[in-house]
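Student: I am new to this structure. Can you take me through it in short steps?

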Amino acid sequence: ARCAVAVVNGTAALHTALLKKHLFPEFDVLYPGKFQNKTNGITPRRWLLKCNPRLSTLITHKIGDGWVRDLDQLRGLEQYAADADFQRIFMGIKRENKVDLAAVIQAECGVAVSPDALFDVHIKRLHEYKRQHLNLLHILALYRRLLQHPERDVVPRVFVFAAKAAPGYDLAKNIIRAINVIGARINSDTRINGKLKVAFLPNYRVSLAEKIIPAADLSEQISTAGKEASGTGNMKLSLNGALTIGTLDGANVEIKEEVGEENIFIFGMTVEEVEALRARGYKPWGTYHQDEELRAVIDWLCSDFFTPGEHGAFGLVHGSMMHGGDPYMVLADFRSYSDCQLRVDAAYRDQSAWARMAILNTARMGKFSSDRTIREYARDIWALKPGAIA
């Protein structure tokens, strides 16, 4: 079938704007309206109804089952966001899902974790632009702080990773090894009293995601601004009541608009700030020398502390940041990310406030249904009218 109009679309509003500004500016002038935006979406049937039956049952009990076909109806949950009884039930469901995931982590990784800890989740593809190595540097910083001050009052955390790298992507595989090796050391270190745990679940796939996403407290969406086309993992996690820590990149921008800036943790440089820093000439070594904690954890990563007798085992990671120009600006965003994580720590201590934010994330995700995306394609690109199903 022929399209009614020949168009090119991005998958998030920011993605489309960047496409028109940087990739096809002349074509955008020649063909006004050719470049459109159709923010992608997720199906609530799989990513809430099926994967999180406890929560979907609660939602249906409160607002009926119409949300399954019209995700905007989740707005009906807003009236319960400050209700203490509903918060208790909502967070109780989250804990039950965490108990289930803890069993998976024990079976797959041999790591015992507490469902009462904050479950900090970083999943989907393993790629430099996703910046799992920024997350890793923060884990190292937390570990170092606890070794220096074991009495330090921190919210216990379970860092959950799951992702696959392309077969020939050596740097990504080096990041995977670093997370696993460093995680094993942290998990076995009795000096920190189990305050930090790290689990890298193997063989990431849809069925595993269906177990991780309902259990997540915090959703890591920390790509370098301008590098994420959209993201759907961020939508799935937010729909299931996880709070997002992220940059103003991809669909994070639109999630922030929907859930409210007070219900999301935003950090880091904007697209414009990234571009300006590149134009001035970004020097990661300058950032390295200016931040004592950052310098210490990078040097730690480069040593053989975690790999005795194998100095420089994580040389590809270190080399990319320090000798390869840090193309994804991990060092530049580290301090902002670390400070934002302190805000997460403080917020999680107030379970009532956290529950309210989590409920509002679920309630305000209607825009991100794939049903809306397909309707927009049908209306604006395919020129198709809906038909009744016999």
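**Charges, fold and core**

Tutor: Start with the charges of this predicted model. The chain carries 50 positive and 45 negative charges. Their mean positions lie 4 Å apart.

Student: How many helices and strands are there in the chain?

Tutor: Count both kinds of element along the chain. The count gives 17 helices and eight strands.

Student: Why is the chain said to be as compact as a globular protein of that length?

Tutor: Compare two values. For 390 residues, the globule rule gives 21 Å. The chain is close to that, so it is as compact as a globular protein of that length, with a radius of gyration of 22 Å.

Student: What percentage of the 390 residues in the chain is buried?

Tutor: Buried here means under 20% relative accessible area. Of the 390 residues in the chain, the share that counts as buried is 55%.

Student: Which residues touch the most other members of the largest nonpolar core?

Tutor: This core has 121 residues. Its largest share, nine residues, comes from helix H6, residues 132–148. The residues that touch the most other members are Leu137, Phe265 and Trp354.

Student: Which residues does Leu137 touch, not counting residues up to four places away in sequence?

Tutor: Touching means heavy atoms within 4.5 Å. Leave out residues up to four places away in sequence. Leu137 then touches Leu294, Val297, Ile298, Leu301, Met321, Val330 and Phe334.

Student: Among contacts between residues at least 6 apart in sequence, what share joins residues at least 24 apart?

Tutor: Take the contacts in the chain between residues at least 6 apart. The share that joins residues at least 24 apart is 76%.

Definitions and conventions
Residues are numbered from 1 along each chain as its sequence is written. This is a predicted model: local features need pLDDT of at least 70, side-chain atom pairs count only at pLDDT 80 or more; totals for chains, interfaces and linings use all residues. Side-chain values use heavy atoms; hydrogens and water are left out. Helices (H or I, at least four residues) and strands (E, at least two) are DSSP runs, numbered from the N terminus. The radius of gyration is taken over C-alpha atoms; the globule rule is 2.2 Å times the number of residues to the power 0.38. Buried means under 20% relative accessible area, exposed over 50%, partly exposed in between (1.4 Å probe, protein chains only). Lys and Arg count as positive and Asp and Glu as negative; His and the chain ends are not counted. The place of a charge is taken as NZ of Lys, CZ of Arg, CG of Asp or CD of Glu. A nonpolar core is a set of buried Ala, Val, Leu, Ile, Met, Phe, Trp, Tyr and Cys residues joined through side-chain atoms within 4.5 Å.
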